[in-house]
Amino acid sequence: MAGVNADSSTQPAPISNKTIADFDPPKKPKRNKFALACAILASMTSILLGYDIGVMSGAAIYIKDEFRLSDLQVEILVGTLNLYSLVGSAAAGRTSDWIGRRYTIVVAGAIFFVGALLMGFATSYAFLMVGRFVAGIGVGYALMIAPVYTAEVSPASSRGFLTSFPEVFINAGILLGYVSNFAFSKLPTHLGWRFMLGVGAVPSVILAVIVLAMPESPRWLVLQGRLGDAKRVLDRTSDSMEESQARLADIKQAAGIPQDCNDDVVQVQRQSHGEGVWRELLLHPTPSVRHILVCAIGIHFFQQASGIDAVVLYSPRIFEKAGIRSDNDKLLATVAVGFVKTIFILVATFLLDRIGRRPLLLSSVAGMIFSLATLGFSLTVIDHSHEKLTWAVALCIAMILAYVAFFSIGMGPITWVYSSEIFPLRLRAQGASMGVAVNRVTSGVISTTFISLYKGITIGGAFFLFAAIASVAWTFFFTCLPETQGRTLEDMEVLFGHFIKWRSAAKDEKLNKAEFHGETNGQIQMGTATSVANNTNTA
């Protein structure tokens with residue numbers, strides 16, 4: 001019997017193995033294909049902005065010749081779409097709270113379709129500006145709603161990857177615009193630019209129809225009290241049923257719905273249409289909301305103030321200043337810019353959820369500072385030289401490509417990812433629209449003044465200025481922006497509210513979690529030990 005008792009004392013080994021297995025690091029879930037498809041469909045709307053930016057950089061050359069425009073008129077033509085898009089981005093927040101995220105994307109495509117047709121058939125400068133205004137409203141809608149929808153439908157494990165898709169498609173649109181410039185440049189002047197602009201109507205129709213196959217955002221559905229519909233969407237877009245249940249519980253809590261409420265349709269206070277949101281955002285914000293707002297507005301401001309639209313919209317002029325004279329060669333060089341931007345934004349999508357937001361953003365901005373300063377130096381050398389310096393021309397081209405590469409691998413996508421994920425649910429649509437508004441105002445100012453700027457302080461001086469702004473941006477990001485990788489959207493507010501002291505707050509939260517898990521693990525181990533002892537005594 002003694003032998004039997006001894007052997008029996010070793011029987012609880014399977015319990016111990018199970019306990020050890022419970023503490024194994026979780027395996028990385030496979031990519032959710034349904035969430036991936038939803039993110040791609042929603043983000044394709046961003047092609048509209050990218051195409052317009054890319055195509056206008058080349059079309060402006062021929063529009064200027066046909067309508068005999070001054071440089072000031074060209075600046076206004078090229079840059080005011082960004083200001084017009086303010087109307088769309090401001091309206092999109094309210095619209096998306098009213099009719100839903102999905103139908104807001106349809107509205108964006110329909111408005112841009114009308115704008116593209118008006119631009120393509122324009123017979124005068126004034127007519128063309130009307131088309132730019134309408135297209136700008138559609139662009140504003142698309143810019144605001146695509147990242148918000150994608151963030152709300154994405155599981156936490158791949159939210160960075162999926163929420164970067166709008167920037168991916170903006171870059172794809174820019175590349176398509178550059179290719180369109182090159183393809184239609186061989187047509188007569190009065191036809192070429194009309195085809196360049198008018199072709200943009202085609203993808204807007206296709207996108208508006210395709211988007212109808214998407215499900216509605218689960219967070220919007222909860223705000224409407226449609227819990228059953230929201231649960232079905234979450235079940236399909238989460239990595240596991242447990243995550244789906246946890247996400248639904250978090251959203252219900254954020255929406256003020258009791259956890260024990262499981263009805264398919266419930267009554268929710270009608271704050272879901274945006275009432276009181278502006279008061280909470282601007283008049284009486286909590287410390288965490290104030291910090292979130294500063295971070296969102298700051299990252300959108302610096303994304304554009306560091307000069308990306310000046311490079312993308314005026315790349316033919318910059319290449320001309322660098323010593324490239326042929327229109328054909330300038331358009332080919334702009335295609336190279338679009339190609340590099342697209343390649344590096346694809347690289348960024350796979351790094352966001354592996355490296356994190358902060359390291360990628362800080363590395364990106366540091367590279368932008370170097371390339372902008374070097375570009376400013378090489379352009380200054382060329383500007384003061386009376387003969388063609390091949391090395392300086394090559395350095396200019398290399399630094400332009402390096403700048404767009406560094407921008408695309410961090411600053412470009414992370415701006416949209418970060419600003420779409422940090423706002424609380426009740427403030428997300430309106431908060432995101434504020435970020436887009438700042439983005440478009442800054443872009444509009446840069447793009448409508450760049451020619452005047454470089455005439456005033458030289459082309460090299462303009463890029464030295466952008467390098468200085470990027471340096472301020474790096475300091476701001478390092479100081480004020482917490483890491484959000486792996487957090488659920490409902491768990492963001494705990495990171496904010498301390499501004500430059502956010503690190504200590506995050507450290508305290510981590511210690512609290514460690515203590516909680518330590519207590520829980522101790523209880524589990526005590527329970528396991530008790531079970532083993534009981535089994536031994538029984539044996």
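This section describes the fold, nonpolar packing, charged pairs, backbone outliers and cysteines of a predicted model.

The protein contains 24 helices and zero strands. Of its 539 residues, 55% are buried. Contacts between residues at least 6 apart in sequence are dominated by long separations, with 82% of them joining residues at least 24 apart. The exposed area of the protein is about 22200 Å², of which carbon and sulfur atoms supply 66%.

The largest nonpolar core comprises 126 residues, and the members that touch the most others are Ile-63, Trp-193, Phe-450, Phe-463 and Phe-477. Helix 21, spanning residues 390-421, contributes the largest share of this core, with 15 residues. Another core lies apart from it and has 14 residues, including Leu-248, Ala-255, Ile-257 and Leu-425. In soluble globular proteins, nonpolar side chains tend to be buried together. When residues up to four places away in sequence are not counted, Phe-450 touches Glu-75, Ala-310, Tyr-314, Ile-318, Ile-459, Ala-462, Phe-463 and Phe-466. The contacts of Phe-450 thus include Phe-463, which is itself listed among the core members that touch the most others.

Helix 21 also holds Phe-406. This residue is partly exposed, at a relative accessible area of 32%, and therefore falls outside the nonpolar cores, whose members must be buried. Beyond its neighbours up to four places away in sequence, Phe-406 touches Ser-364, Gly-367, Met-368, Ser-371 and Met-411. The C-alpha atoms of Phe-406 and Phe-344 are 7.9 Å apart, although 62 residues separate the two in sequence. A contrasting environment is found for Thr-334 in helix 19 (residues 327-355). Thr-334 is buried, with a relative accessible area of 0%. With neighbours within four places in sequence left aside, Thr-334 is in contact with Tyr-178, Ser-315, Pro-316 and Phe-319.

At the surface, Phe-113, Val-114, Leu-117, Phe-121, Val-205 and Val-209 make a nonpolar patch of about 520 Å². Both helix 6 (101-120) and helix 11 (201-210) supply at least two residues of the patch, and helix 6 gives the most, with three. Leu-117 is found in helix 6 and is partly exposed, with a relative accessible area of 33%. Leu-117 can belong to the patch because its 33% accessibility passes the required 30%.

A search of the whole structure finds 13 salt bridges. One of these joins Asp-71 and Lys-455, whose closest N and O atoms are 2.6 Å apart. This pair links distant parts of the chain, with Asp-71 in helix 5 and Lys-455 in helix 22, 384 residues apart. The two partners differ in their surroundings: Asp-71 is buried, with a relative accessible area of 18%, whereas Lys-455 is exposed, at 53%. Both belong to a network of salt bridges that links Lys-64, Asp-71, Arg-317 and Lys-455.

Asp-229 takes part in two salt bridges, with Arg-226 at a closest N and O separation of 3.0 Å and with Arg-232 at 2.6 Å, N to O. Asp-229 and Arg-232 lie three residues apart in helix 13 (residues 227-237), about one turn of the helix. Each residue of this group is partly exposed: Arg-226 has a relative accessible area of 32%, Asp-229 one of 26% and Arg-232 one of 47%.

Most residues other than glycine have a negative phi, and most peptide bonds are trans. Positive phi values are nevertheless found at Arg-68, near 55°, and at Thr-458, near 75°. Arg-68 is placed in the loop between helix 4 (47-67) and helix 5 (71-99), and Thr-458 in the loop between helix 22 (428-457) and helix 23 (459-480). Arg-68 counts as exposed, at 75% relative accessibility, while Thr-458 counts as partly exposed, at 34%.

The count of disulfides is zero. For Cys-480, the nearest cysteine sulfur is that of Cys-295, 6.0 Å away. Cys-480 is in no disulfide because this distance exceeds the 2.5 Å limit. Cys-480 is buried, with a relative accessible area of 11%. Cys-396 is likewise buried, with a relative accessible area of 0%.

Key
Residues numbered from 1 in each chain as written. Predicted model: local features only at pLDDT ≥ 70, side-chain atom pairs only at ≥ 80, totals over all residues. Heavy atoms only, no water. Buried < 20%, exposed > 50% of the residue type's maximum accessible area, 1.4 Å probe, protein only. Patch = residues over 30% accessible without salt bridge, like charges linked within 9 Å, V, L, I, M, F, W, Y side chains within 5 Å. Areas by Shrake-Rupley, 256 points an atom, 1.4 Å probe, with all protein chains shown as cover. Salt bridge = Lys/Arg side-chain N within 4 Å of Asp/Glu carboxyl O. Helix = DSSP H or I, 4+ residues; strand = E, 2+ residues; numbered from the N terminus. Core = buried A, V, L, I, M, F, W, Y, C linked by side-chain atoms within 4.5 Å. Contact = heavy atoms within 4.5 Å.
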